[in-house]
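Please read the points below beside the structure; they concern the ligand site and then the sheet.

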Amino acid sequence: MRLDKFLANMGMGTRTEVKQLLKKGEVTVNETQEKSPKAHINPSVDKVKVHEEIVQYIDKIYLMLNKPQGYVSATEDDKHKTVIDLVGKYRYLDVFPVGRLDKDTEGLLLITNDGQFNHDLMSPSKHVSKTYEVISEKTITKNDIELFKSGIALDEGLVKPADLVQCDEERRSLVTIYEGRYHQVKRMFHAINNEVIALKRMSIGDLQLDQSLAPGEYRQLTQEDFKKLGLK
Ligand code: URA
């Protein structure tokens, strides 16, 4: 890979800024000063430093985003802001959202550039659970809980049994689903003659939304997080 591309991709500045860094002699490759933007390096082998600091090579990236309302779960959109706009500094790594949350849904959204990771979490055969906090128009009843447990019928057929739990506050509940159909939670509530007023994803598998992340904030996944997802 060209040295200027590597440095720009690792967030060291635009191609022009990176060229300036090189010209000023701020960059070394394997402890030898390198001034040519055209120099070729092998990012997994060569040790590149800027201002004496090692530039870590990242190729696969895994982010946990607290998605705010008003953003679409897409990489590009003509009309709306996308979740990728929120993690713009990683756009060059071709990141994309793992599954989708509706524009008005908040909460835990994973973002990666690893297709296998996406498949491992989204493939229906993997049955990874997703838990949502729901504010509904009406307070849920014992009967609703039973209906969710036995499998709600949507237009395309029965959905897998889901767990519905009443929270302390009226009209607030937690629902855990085991598949990811289009508008699934909203349609399940509609099917029991109720409506979702607000929706927030709290967890995927055993991985919970990091409560220290304000809406719009994100952080990289840790080894502990991967374990909670049952991966690695
Ligand atoms: N179910 C929905 O209805 N919307 C979401 O965003 C996620 C699950």
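1. A residue is taken as near the ligand if one of its heavy atoms lies within 4 Å of it. On that basis the ligand is surrounded by L101, D102, T105, Y132, H183, Q184, V185, K186 and L199. This is a predicted model, in which local features need pLDDT of at least 70 and side-chain atom pairs count only at pLDDT 80 or more, while totals for chains, interfaces and linings use all residues. Residues are numbered from 1 along each chain as its sequence is written, and side-chain values use heavy atoms, with hydrogens and water left out.

2. Helix α6 (residues 184–191) gives the most to this shell, with 3 residues, where a helix is a DSSP run of H or I with at least four residues, a strand is a run of E with at least two, and both are numbered from the N terminus.

3. Backbone N or O atoms supply polar contacts (pairs of N or O atoms within 3.5 Å): that of H183 lies 3.2 Å from a ligand oxygen atom, that of Q184 lies 3.4 Å from a ligand oxygen atom, and that of V185 lies 3.1 Å from a ligand nitrogen atom. Taken alone the ligand exposes 240 Å², of which the protein buries 96%, with accessible areas from the Shrake-Rupley method and a 1.4 Å probe.

4. Elsewhere, an open sheet of 4 strands runs in the order β2-β1-β3-β4 with antiparallel pairing, two strands being paired if DSSP finds at least two bridges between them. Its edge strands, β2 (32–33) and β4 (53–54), each pair on one side only. Strand β3 (residues 48–50) joins β4 over 2 bridges in the antiparallel sense, and V50 stands opposite E53 in β4.

Key:
Polar contact = N/O pair within 3.5 Å; in protein donor to acceptor, adjacent residues only side chain to side chain.
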